[in-house]
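Trainee: I'm new to this one and would like a close look at a single part of it. Could you walk me through one sheet and what lies around it?

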Amino acid sequence: MLRVKGLRLGFGPVPVLEGVDLRVEKGEFVSLVGPSGSGKSTLLRAISGLLPPEAGEVQRDFGLEELGFLFQEDALLPWRTARENVALGLRIRGLPKDKALAEADVWLTRLGLSGLGNRYPHQLSGGQRKRVALAQVLAIKPRLLLMDEPLASLDAILRTQVTRDLLSLVEAEGIAVLLVTHDLEEAISLSDRIYLLSRGPRARIVREYPVPFSRPRDPVGVRTDPRFGPLLRQLWQDLEEVSPCVVS
Ligand SMILES: Nc1ncnc2c1ncn2[C@@H]1O[C@H](COP(=O)(O)OP(=O)(O)OP(=O)(O)O)[C@@H](O)[C@H]1O
Ligand SMILES: [Mg+2]
């Protein structure tokens, strides 16, 4: 459903990304890992059409209105309640207000937030706000969900709970995901495939790892699978190889 071919992109004479090839199939969960500053966020922005490629192409078999994007910072409007925030994307897509609010309530409930719909973002905890942001993006039923470390600010337990709920919802809805993460264990426990981006400038995909766990899957349970450890070690080793040495 998504093909990136020979992508080159940058902000000056030296490209940040060069010769980037990747694909995401229908309903597939793919993670992208790589050194800090290598160009992961830049790549997601190119896929979402925010940055035009200098060379190569981004092919999508769906429209931009079917693309969901979750950034690290949540983008809830502070002057709107949780349910109004969730309804917003639906209203932009033409749903009448009452229908959009009813649909928003369904999604808030699915994310464990029933009863909190009339609160404003500042009246919610950090984890609850993340769940509202997830409800907002899932409610539009995206074909592809791009996520740039959206849960990085949550503590480990909360993050595990939210990602587990996210995974079961995207599995149920058949939503494809491209996730940028620094957490290699998270990448393995959630993904069907993982891409490793090399260090920039001129970063490209240097390796692709199939993840051997089937779906639907318990992302906590797979961590004790005997195949988990070796894959994690391999990823660490390869990431260290492409990462710059900061302390010498
Ligand atoms: N608007 C911009 N103008 C100039 N340079 C930029 C711009 N955005 C990003 N860069 C540079 O492009 C490179 C890639 O940045 P990007 O944000 O894509 O990295 P990243 O892999 O997402 O890093 P991190 O893991 O730290 O989030 C960096 O060297 C960054 O400084
Ligand atoms: Mg980034």
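In what order do the strands of the open sheet of three strands come, and is the pairing parallel or antiparallel?

Mentor: Happy to. Keep in mind that this is a predicted model. The open sheet of three strands runs in the order E2-E1-E4, and its pairing is antiparallel. At the edges sit strand E2 (17-24) and strand E4 (55-60), each of which pairs on one side only. On average, neighbouring strands of this sheet are turned by 15° against each other, if you ignore direction.

Now follow E1 (residues 2-9) over to E4: the two run antiparallel and are joined by five bridges. To pick out one partnership, find Arg-8 and look across to E4, where its bridge partner is Ala-55.

Step along to Gly-56, which also belongs to strand E4. Along the chain, Gly-56 and Arg-8 are 48 residues apart, yet their C-alpha atoms are separated by 6.3 Å. Leaving out residues up to four places away in sequence, Gly-56 touches Lys-5, Gly-6, Leu-7 and Arg-8. Is it buried or exposed, you may wonder? Gly-56 counts as partly exposed, because it has 17 C-beta neighbours inside 10 Å, and a residue needs 20 or more to be called buried, or 12 or fewer to be called exposed.

Next, look at what lies over the sheet. Helix H1 (residues 40-47) lies across E1, E2 and E4, and it runs at about 120° to E1.

Ligand 1 is worth a look too. Among the residues surrounding ligand 1 are Lys-40, Ser-41 and Thr-42, along with Gly-34, Ser-36, Gly-37, Ser-38 and Gly-39. Phe-11, Val-16 and Gly-200 are part of that shell as well. Sorted by class, the shell has two nonpolar, eight polar and one charged residues.

Finally, zoom out to see the wider setting. The domain assignment splits the protein into domain 1 (1-62 + 144-248) and domain 2 (75-142). Taken over C-alpha atoms, the centres of domain 1 and domain 2 are 26 Å apart. Where they meet, 13 residues of domain 1 are in contact with 12 residues of domain 2. On the domain 1 side, the elements giving two or more residues are strand E6 (144-148) and helix H5 (156-173). H5 gives the most there, with six residues. By class, that side of domain 1 has 10 nonpolar, one polar and two charged residues.

Note on methods
Residues numbered from 1 in each chain as written. Chains lettered and ligands numbered in written order. Predicted model: local features only at pLDDT ≥ 70, side-chain atom pairs only at ≥ 80, totals over all residues. Domains from an automatic or database assignment. Contact = placed C-beta atoms within 7 Å. Helix = DSSP H or I, 4+ residues; strand = E, 2+ residues; numbered from the N terminus. Nonpolar A, V, L, I, M, F, W, Y, C, P; charged D, E, K, R; others polar. Near = placed C-beta within 6 Å. Pairing = 2+ DSSP bridges. Axes fitted to C-alpha atoms, helices over the stretch in contact; angles between N-to-C directions.
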